[in-house]
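Here are some short exercises for getting to know a protein model. Try each one with the structure open, then read the solution.

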Amino acid sequence: MKASKPGGKSVRTGAKPLPAGAKFPDGPGLRQRKLQETRERLTRAAMTLFLERGFEATTIDDIATAADVSRRSFFHYFASKEDVVAAWQEGAASALVAEVVARPAGETMLTAAENAIAAAVRRIDPAEAAAMSRLKRDNPALHARDQLKYEKLERALAEGLSQRAKTKSDRLKARLVAMIATGAMRVGGENWIGEDVREKPEVFVKRTFDAIRAILK
């Protein structure tokens, strides 16, 4: 897989740094949209190069060149290569919240969590996801940050589920379901990689949640 060189002009060197996960208000102006597009282009270019060459072998200059921006512009968006991976993970957390909120009101919280996670993983490339998981596992800096990812996913899932809550008891249940589901994703993901990705991710999600229900009976 080779990194393509996306089109587009470099951002202005006078742009202010954008923190990871930064969001713009509704109806962003042209300049704001361009900043966001450049950030996303840098993220895509970096992830492609990491998978193709490896994390250590990929330089910031490589990423900037692939994204068609200057090295200086890279640092307007990210402080390091590790921050690019963190930004990619934050996008996954936001997508998960959206999936949970979109689930039918009649679903239980556990079912809503399962279906939201299954819907999210259907959109990923299994081979790419497996390669990225191995990349993070084999790199100490990335591995440490990967552990923080699950904390963010748990908070994101709890946030989405809490919007379904009607009582104080339901809000507690939302947090507990988020904790259980996130733990399942962590253990399930490790097993999925360990089994050499023989199943589609959504099939593995179903098997993992079936195991949870069996334990809770």
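A quick definition before we start: helices (H or I, at least four residues) and strands (E, at least two) are DSSP runs, numbered from the N terminus. This is a predicted model, where local features need pLDDT of at least 70 and side-chain atom pairs count only at pLDDT 80 or more, while totals for chains, interfaces and linings use all residues. Residues are numbered from 1 along each chain as its sequence is written, and side-chain values use heavy atoms, with hydrogens and water left out.

**Exercise 1. The overall layout**

Work out how many helices and strands the protein chain has.

Solution. Step one: go along the chain and tally the elements, which gives 9 helices and 0 strands. Step two: write the order down as α-α-α-α-α-α-α-α-α. Step three: look at contacts (heavy atoms within 4.5 Å). Among those between residues at least 6 apart in sequence, 71% join residues at least 24 apart. Step four: check burial, where buried means under 20% relative accessible area, exposed means over 50%, and partly exposed is in between (1.4 Å probe, protein chains only). Of the chain's 217 residues, 41% count as buried.

**Exercise 2. A helix with a buried face**

Find which residues of helix H2 (residues 60-67) are buried, and say why they line one face.

Solution. Start with the list: Ile 60, Ile 63, Ala 64, Ala 66 and Ala 67 are the buried ones in H2. Now look down the axis of H2: the buried residues fall within an arc of 165°, so they line one face of the helix. (The arc is taken from the directions from the helix axis to the C-beta atoms.) A handy bit of background: an α-helix has 3.6 residues a turn, so residues three or four places apart point the same way. Finally, step just past the end of H2, and you meet Asp 68 with a positive phi of about 65°.

**Exercise 3. Inside the cores**

Which residues have the most contacts inside the largest nonpolar core?

Solution. First, the term: a nonpolar core is a set of buried Ala, Val, Leu, Ile, Met, Phe, Trp, Tyr and Cys residues joined through side-chain atoms within 4.5 Å. The largest one has 27 residues, and Ile 117, Leu 157, Leu 161 and Phe 209 have the most contacts inside it. Next, the contributors: helix H4 (81-102), helix H5 (109-122), helix H7 (140-162), H8 and H9 each give two or more residues to this core. H5 gives the most, with 8 residues. Then zoom in on Phe 209, which touches Leu 110, Ala 113, Glu 114, Ile 117 and Ala 181, not counting residues up to four places away in sequence. Apart from this core lies another one, of 24 residues, among them Met 47, Ala 64, Ala 66 and Phe 74.

**Exercise 4. Salt bridges**

Which residue forms a salt bridge with Glu 114?

Solution. A salt bridge is a side-chain nitrogen of Lys or Arg within 4 Å of a carboxyl oxygen of Asp or Glu, and the structure holds 6 of them. The partner of Glu 114 is Arg 213, with the closest N and O atoms 2.8 Å apart. This pair links distant parts of the chain, as Glu 114 sits in helix H5 and Arg 213 in helix H9, 99 residues apart. Now check the cover: Glu 114 is buried because its relative accessible area is 10%, whereas Arg 213, at 26%, counts as partly exposed.

Repeat the steps for Glu 107. Its partner is Arg 103, and the closest N and O atoms are 2.7 Å apart. Glu 107 is buried at 17%, while Arg 103 is partly exposed at 23%. For a last example, Glu 52, Arg 53 and Asp 62 are linked in a network of salt bridges.

**Exercise 5. Helix H9 and the surface**

Decide whether Leu 216 in helix H9 is buried or exposed.

Solution. Leu 216 has 54% relative accessibility, so it counts as exposed. Ala 211 also lies in helix H9, but at 39% Ala 211 counts as partly exposed. From Ala 211, go across to Ala 184, 27 residues apart along the chain: their C-alpha atoms are separated by 9.2 Å.
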